Amino acid sequence: MTDIAYRRIELFGDQYYIINSSEELYVTNSHEANISLLVDLREQSEDANILINLRSDAKLKLILFTIGNNNSYNLEINLDENAHLDLYTADYLSNTNTNKTINLNGEGAEANTYEFSSSSKDNSVIGKFMMVHNAKNTTAHGKFVYLSKDNSKITKDIISKINKGMDNSVSSEDIRGLILGEKSNINAKPILIIDCDDVHASHGCAIGTVDDNEVYYLMSRGLTKDEAMKIISKSLITPLLKASTSIDFNNVINPYLEKMIEA
Amino acid sequence: MLEIKDLWVSASGNMILKGINLTINDNETVALMGPNGSGKSTLSYAIMGHPQYKIEKGTITFNGIDITNMPVNERSLAGIFLAMQYPYSISGVTNRDFIKQVVDKRPTKDGKVQSIYKFAVKLDKAIDDLHMEKDLADRYVNEDFSGGEKKKNEILQMKMLEPKLSILDEIDSGLDVDAVKIVSDNINELKEKNAMSLMIISHYHRLYEYIKPDKVVVLINGSLVKTGDSSLIDYIDKYGFDPIKKEAGIEDEVELLEECAFKGAK
């Protein structure tokens, strides 16, 4: 990534951005930003690389939605000392390979992540999400929610890496996968690479079909089975829907999110 | 209102209910009592069409319509409500959105959907009446709720849906003394307002002090063995179910096994 020449865009305040190619974005020291970011790769044939740097004491709430076809893209977010990131991300991509990395480079840096991916028809979504602790007293919590429909397949590696000497770091991974079709497949691996003793690290992974008892509960109040399934699927994207305050951004992504969850 | 005739219900290949005959009339409150494992919850789930419970024989009729094979959502829209013993959590779905969606399935008298404003006013009042936290409407359905909050949330849904028949499966379990009174007052208010029929399942005397049953039926080993008035509750509270079992000629399975083992040892 460092070999690529980027435009540099400063992020601040409440903003909605659209980008179509590789970019570098940053939040200056001690500044706060609440950003809705649409990455539109439909006209791109090359891979895209998005680099975001949070300087020390910077705070960023980032809602990132990517639209593409057979693109691959890489996301790297670097956090300096005491920087804070709340990341909500979803990708409307088919047959792609995505790599997302959060590097906690400064002491006291903290990242909370919510990622949603879905696949349908005969598509295949492959991805890797890494949270790397390169400093002491860093914290990373990730919730990863995947939905596989029809004959599609989702393959994800979720990796938390705590390097040697990075004492008092905390890392957690929570993976939830919902399979809707008989031939749907989710292969999600929670991986912890811990090279330090004095840390807290945890992971959990639950993949399965819809809970029949949840469906029954909803139907017992008058919903049809289809309506119950839709409400359960829609619940997967609730954090994303609530995160962004940009009406324009929500108007663009809502139809895509609806398609991602429809049975 | 509800008529059950010769109902036999099985689950996982085991016959749980054996030939149940029960009628619940309009505006009638029926207390369903019995020892643990007698089939009380099975009966409530069978009335509410749970797919895990198979009706082997018999019929269930509601307001003259045979609902024996009716899908569960249609039974709900017909006016039956089940307040579950163990309500399920639905993560990511707020109480407000969920209740609005199910209320909208029931048009008002003029055939229209209730306005958002009227719905919000009614929901906020119902939450106040149940002494629930104000933020409850915006929390996910039953997620991270205490046991008592889950039970109150069932009654909240009942108040918003205004059913003709409510089945309350151990609604008082998990509620403190004050909460039982509050929940009972809310149930009685709805009963009085809409002439709602009730089937209440509870082991405890205090709920029946607040919601007076018109009829008490006792279920033991899947069969209805005794019917009486509310004095039967005091009797059971004092003497337990053993006298009723003896009267019905039901031998305790544990005692039977012990007897067989003793005879074998001889």
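Hi everyone, let me start with a strand pair in chain B: β6(B) and strand β9, residues 165-169 of chain B, run parallel to each other and share four bridges. Within that pair, I80(B) sits opposite L165(B) of β9(B). One thing to keep in mind as we go: this is a predicted model.

Now let's widen the view to the whole sheet. It is open, has six strands, and reads β6-β9-β10-β3-β11-β12 in chain B, with mixed pairing. At its edges are β6, residues 80-83, and β12, residues 223-228, and each of these chain B strands pairs on one side only. From one strand to the next, the twist averages 20°.

Next, have a look at β3(B). Which strands does β3(B) pair with? One is β10 of chain B, residues 197-201, in the parallel sense and over four bridges. The other is β11 of chain B, residues 215-220, also parallel and also over four bridges. A31(B) is a handy residue to click on here: its bridge partner in β10(B) is I200(B), and in β11(B) it stands opposite V216(B).

And is β3(B) mostly covered or mostly open? Mostly covered: five of the five residues in this strand, 29-33, are buried. That holds for both faces, with T29(B), A31(B) and M33(B) buried on one side, and V30(B) and L32(B) buried on the other. While you're in this region, find helix α8 of chain B, residues 231-239. The helix lies across β3, β11 and β12 of chain B, and it runs at about 40° to β11(B).

Let's move on to the cores. The largest nonpolar core has 108 residues, and the members touching the most others are F65(A), F116(A), L43(B) and F98(B). Helix α4 of chain A, residues 247-261, is the top contributor to this core, with six residues. Apart from that core lies another one, of 43 residues, including Y17(A), L85(A), V125(A) and I186(A).

Let me zoom in on F116(A). Leaving aside residues up to four places away in sequence, its contacts include T89(A), A90(A) and D91(A), along with V145(A) and L147(A). Also among them are L236(A), I237(A) and L240(A), plus M260(A) and I261(A).

Finally, a word on confidence. The predictor gives the complex an ipTM of 0.90 and a pTM of 0.83. For chain B, the mean pLDDT is 89, and 94% of its residues reach 70 or more. Where does the pLDDT of chain B fall below 50? Over residues 254-266, a stretch with two contacts in the model beyond near neighbours in sequence.

Thanks for listening!

Notes. Residues numbered from 1 in each chain as written. Chains lettered and ligands numbered in written order. Predicted model: local features only at pLDDT ≥ 70, side-chain atom pairs only at ≥ 80, totals over all residues. Heavy atoms only, no water. Core = buried A, V, L, I, M, F, W, Y, C linked by side-chain atoms within 4.5 Å. Buried < 20%, exposed > 50% of the residue type's maximum accessible area, 1.4 Å probe, protein only. Helix = DSSP H or I, 4+ residues; strand = E, 2+ residues; numbered from the N terminus. Contact = heavy atoms within 4.5 Å. Pairing = 2+ DSSP bridges. pLDDT = per-residue confidence, 0-100. Axes fitted to C-alpha atoms, helices over the stretch in contact; angles between N-to-C directions.
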